[in-house]
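The exercises below are meant to be worked through with the sequence and the coordinates open side by side. Each one sets a task and then gives a solution in steps.

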Amino acid sequence: MRVAEVALARRTEVTLAERRCPHCGTAGAHLHGKDKNDQQRFRRCTTECRRSFNILTGTPLARARKPEKWGQYLSHMTDHRSVTKIVEAGIGVNRATVWRWRHRFLKAAAQDNARPSPG
Ligand SMILES: [Zn+2]
């Protein structure tokens, strides 16, 4: 499952490097501090689209809840723990949430792998 974590780290890196608006594809948005969940925010897009976004906009994780728990969840996931074990470890989310995250993280990873990389 390490692939999911790597894919997310890579997405963060690429997004920070390109600062590309997920709505219109324009690169070069300005950084705008971090939100309360320590996710990088970007100032509004510099073109007429003018929409704001963060690293997860446009990904299956954009509307996932409790991002402050993702780090703990991912570390369990990369240790190949089952959903039941992760719930039992007591990270403060229920079974349904863990299942949903598992699905979303894998989907996000698959999306990144499907995208052709430059060069
Ligand atoms: Zn835009």
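**Exercise 1. Place Gly92 in the chain and decide whether Gly92 is buried or exposed.**

Solution. Gly92 sits in the loop that joins helix 3 to helix 4. The next step is to count neighbours in this predicted model: 12 C-beta atoms lie inside 10 Å of Gly92. A residue is exposed if that count is 12 or fewer, and therefore Gly92 counts as exposed. As a last step, take a C-alpha distance across the sequence: Lys66 is 26 residues away from Gly92 along the chain, and the two C-alpha atoms are 9.6 Å apart in space.

**Exercise 2. Determine how far the model can be trusted, element by element.**

Solution. Begin with the whole chain, for which the mean pLDDT is 77, with 87% of the residues scoring at least 70. Then turn to the elements, where helix 3 (residues 83-88) has the highest mean pLDDT, 90, and helix 1 (residues 2-18) the lowest, 72. A caution applies when reading such values: where pLDDT is low, the predicted coordinates should not be read in detail.

**Exercise 3. Write down the order of the secondary structure elements and describe how the strands are arranged.**

Solution. The protein chain contains four helices and three strands, and reading along the sequence gives the pattern α-β-β-β-α-α-α. The three strands form an open sheet in the order 1-2-3, with antiparallel pairing. Its edges are strand 1 (31-34) and strand 3 (53-54), each of which pairs on one side only. Strand 2 (residues 40-42) pairs with strand 3 over two bridges in the antiparallel sense, and Arg41 has Asn54, in strand 3, as its bridge partner.

**Exercise 4. Identify the largest nonpolar core and the helices that supply it.**

Solution. The first step is to list the members: the largest nonpolar core has ten residues, namely Leu8, Trp70, Tyr73, Met77, Ile86, Val98, Trp101, Phe105, Ala108 and Ala109. Assigning them to elements shows that helix 2 (70-78) and helix 4 (95-114) each contribute at least two residues to this core, and that helix 4 provides the largest share, with five residues. Apart from this core lies another one, of five residues, including Ala29, Phe42, Cys45 and Phe53. For the chain as a whole, 17% of the 119 residues count as buried.

**Exercise 5. Explain why the buried residues of helix 2 lie on the same side of that helix.**

Solution. The buried residues in helix 2 include Trp70, Tyr73 and Met77. These three cover an arc of only 65° around the axis, which puts them on the same side of helix 2. Following the chain onward, His80, just after helix 2, takes a positive phi of about 60°.

**Exercise 6. Locate Arg19 and Arg50, and compare their phi angles with the general expectation.**

Solution. The expectation is that most residues other than glycine have a negative phi. Arg19, in the loop between helix 1 and strand 1, is not a glycine and yet has a positive phi of about 50°. Arg50, in the loop between strand 2 and strand 3, likewise has a positive phi, of about 55°, without being a glycine. Their surroundings can then be classified by neighbour counts: Arg19 is partly exposed, with 19 other C-beta atoms within 10 Å, whereas Arg50 is exposed, with 11.

**Exercise 7. Find how Ala109 and Thr12 are placed relative to residues distant in sequence.**

Solution. Ala109 belongs to helix 4 and has 21 C-beta neighbours inside 10 Å; since a residue with 20 or more is buried, Ala109 counts as buried. Its C-alpha atom is 5.2 Å from that of Ala7, although the two residues are 102 positions apart in sequence. Thr12, by contrast, belongs to helix 1 and counts as partly exposed, with 14 C-beta neighbours inside 10 Å. Between the C-alpha atoms of Thr12 and Gln39 the separation is 9.5 Å, for residues 27 apart along the chain. To set such pairs in context, consider contacts with a separation of 6 or more in the protein chain: residues 24 or more positions apart account for 45% of them.

Definitions and conventions: Residues numbered from 1 in each chain as written. Predicted model: local features only at pLDDT ≥ 70, side-chain atom pairs only at ≥ 80, totals over all residues. Contact = placed C-beta atoms within 7 Å. Pairing = 2+ DSSP bridges. Core = buried A, V, L, I, M, F, W, Y, C linked by C-beta atoms within 7 Å. pLDDT = per-residue confidence, 0-100. Arc of directions from axis to C-beta.
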